[in-house]
Amino acid sequence: MSLLKKNSARLRDEERQRLIWLLTTDKAVTSALLGKLTLAEQYDEGTLVDDLAEVGNLVAHLPPPDLADTLEALPSEERHALWNMVEDDRRGKVLLEASENVWDDLIEDMSDRALLDALQTLDIDEQIYLVQHLPRDLTGRLLASMSPEERARVRQVMNYAHEQVGSIMEFEVITIRPDVTLASVQRFLRRLGKMPENTDKLFVVQRDQTLIGELELKTILLNPAEKLVHEVMEADPVAFHPEEKSELVARTFERDNLISAAVIDSQGKLMGRLTIDEIVDVVYEETDSDLRRMGGLSSEEDVFAPVTKAVKTRWAWLAINLCTAFIASRVIDGFEHTISQLVALASLMPIVAGIGGNTGNQTITMIVRALALQHIQPGNFSFLILREMGGALINGIVWGGIMGTVTWLLYDDLALGGVMTLAMILNLLVASIMGVLIPMIMAKLGRDPAVGSSVMITAITDTGGFFIFLGLATLFLL
């Protein structure tokens, strides 16, 4: 990135932070923007006018992506105050850049007319992306305002699931015939006057729109103008079908360093294209979703969501966690006599459980990632189990030995130190085995291996750690 671009990005970031600060620290500004003048009148009028003018200047100056990021970083009331300042002809672009959670929050208070007006400023591909999140009655009204061709495109996209290529493909493509010269292609492009964003290639099709190749822009520039397209085109282009999973397609983009690629139907006819913009969004959404699901959070969770919504999206995994915690407490209760005889066990139990949970989460994270990247094949299973057990055994001997020595020195009890060492080794082995088995079994059953994995492994290592440690103490210390 050039120095000029770095300075520009830093300036925008400073302006964005200033806008967030004004809205979150000065309630008078938020109250005035929301029309709550009774509260605003309690503040110095001159200062308030200056602050409102600064907010307005910042909102007008910041581009839509920065405004969307700012909305993400604000609580609901301040978010709506800022949204009131965004000009009508920019709202569509801001919505396009915002996440689904912010989108849902913002359109909740917008009238149908205001929402349709915001969408009218976008091109057809952008409208198609947003229309998938509209209430059903608004979708019909937006479709009615489109041309028959655009309406057919929207309906075509809406037939595909959110995670399929067809739901994110663009229809703006430049096609050429194979029997024209590069000079003709150049004249054609000059007549067009503009090209869709992220255009690095043109698609070569027959008269019935069957894709037969692709022609990169650099090929047009670096070859003699009299050359025919079919002589210099790539005759075996990378193309995808609309039913393919977008997450899998994203890996192909990363592996082959693609900027754009064709989308074709079952007969090989060109339907549209994918660009790196959509793929980056897919990667971001999948990463964000996996992180949330591993912790048992809903993909709809918003850091500034109301308390009631936060409770609603988290209660299920909290209920499961409560059940597993109750089971762990029953395990401890079963060794009440052992703990009463040797009180030191109570202070050492969390160490055994905690180290097992850490190891299990590390293993699960690695296995879930490998499954997502399709690095794990059926023949790898025994190797993975043995590898993780080997690592757990070495770590258990080293760190269990250290903790056993510390325990011996603290309590002047060699047997207790030995129990501590053995318990850590065994719990690490359990954690490593379950860290491989849990995501593998879930994947085998057709479930997402990231969903709640960390919650499950923590429950197993806690219960197992308590049982192993207290069981060994009962055998060897009493």
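Select helix H16 and colour its buried residues: among them are Ser-246, Val-249, Ala-250, Arg-251, Thr-252 and Phe-253. Buried means under 20% relative accessible area, exposed means over 50%, and partly exposed lies in between (1.4 Å probe, protein chains only). Helices (H or I, at least four residues) and strands (E, at least two) are DSSP runs, numbered from the N terminus. The model is predicted: local features need pLDDT of at least 70, side-chain atom pairs count only at pLDDT 80 or more, and totals for chains, interfaces and linings use all residues. Residues are numbered from 1 along each chain as its sequence is written, and side-chain values use heavy atoms, with hydrogens and water left out.

**Stop 1: along H16**

Stay on H16, which covers residues 246–256, and pick Arg-251. Arg-251 counts as buried because its relative accessibility is 17%. Now add Ile-279: the two residues are 28 apart in sequence, and their C-alpha atoms are 9.1 Å apart in space. Just after H16 comes Asn-257, which has a positive phi, near 55°.

**Stop 2: Thr-275**

Select Thr-275 in strand S6, residues 270–275. Is Thr-275 buried or exposed? Thr-275 is buried, because its relative accessibility is 0%. Show side chains, and a polar contact appears between those of Thr-275 and Glu-278, at 2.3 Å. A polar contact is a pair of N or O atoms within 3.5 Å; within protein, one must be able to donate a hydrogen and the other to accept it, and residues adjacent in sequence count only if both atoms are side-chain atoms. Leaving aside neighbours within four places in sequence, Thr-275 is in contact with Glu-170, Glu-197, Asn-198, Phe-253, Ile-259 and Ser-260. Contact means heavy atoms within 4.5 Å. Phe-253 was selected earlier, as one of the buried residues of H16.

**Stop 3: salt bridges**

How many salt bridges does the structure hold? There are 12 salt bridges. A salt bridge is a side-chain nitrogen of Lys or Arg within 4 Å of a carboxyl oxygen of Asp or Glu.

Select Lys-245 and Glu-163, whose side chains form a salt bridge at 3.4 Å, N to O. Lys-245 is in the loop between strand S4 (239–240) and H16, and Glu-163 is in the loop between helix H12 (148–158) and strand S1 (175–176), so this pair ties together parts 82 residues apart in sequence. Lys-245 is partly exposed, with a relative accessible area of 42%. Glu-163 is partly exposed too, at 35%.

Next, select Arg-12 and Asp-66, a salt bridge in which the closest N and O atoms are 2.9 Å apart. The pair links distant parts of the chain, 54 residues apart: Arg-12 is in helix H1 (residues 3–25) and Asp-66 is in helix H5 (residues 64–72). Arg-12 counts as partly exposed, at 29% relative accessibility, whereas Asp-66 counts as buried, at 11%.

Then select Lys-201 and Glu-214, a salt bridge with its closest N and O atoms 3.6 Å apart. Lys-201 is in strand S2 (residues 201–205) and Glu-214 is in strand S3 (residues 211–216), so the pair ties together parts 13 residues apart in sequence. Lys-201 is buried, at 6% relative accessibility, and Glu-214 is buried, at 8%. Add Asp-200 to the selection: salt bridges that share partners join Asp-200, Lys-201 and Glu-214 into one network.

**Stop 4: an arginine with no salt bridge**

Select Arg-90 in helix H7, residues 88–97. Arg-90 is buried but has no salt bridge, and the nearest side chain of opposite charge, Glu-87, is 5.3 Å away. For charge, Lys and Arg count as positive and Asp and Glu as negative, while His and the chain ends are not counted. Which residues touch Arg-90, leaving aside its neighbours within four places in sequence? Arg-90 is in contact with Val-59, Ala-60, Leu-62, Pro-63, Pro-64 and Leu-67.

**Stop 5: a patch on the surface**

Select Ile-394, Val-398, Trp-399, Ile-402, Val-406, Leu-410 and Tyr-411, which form a nonpolar surface patch with about 680 Å² of accessible area together. Tyr-411 is in helix H21, residues 381–411, and counts as partly exposed because its relative accessibility is 36%. Patches are made of residues with over 30% relative accessible area and no salt bridge; like charges are joined within 9 Å, and nonpolar side chains (Val, Leu, Ile, Met, Phe, Trp, Tyr) within 5 Å. Accessible areas come from the Shrake-Rupley method with a 1.4 Å probe; for residues, only the protein chains shown count as cover.

**Last stop: the whole protein**

Zoom out to 23 helices and 6 strands. Of the 478 residues, 43% are buried.
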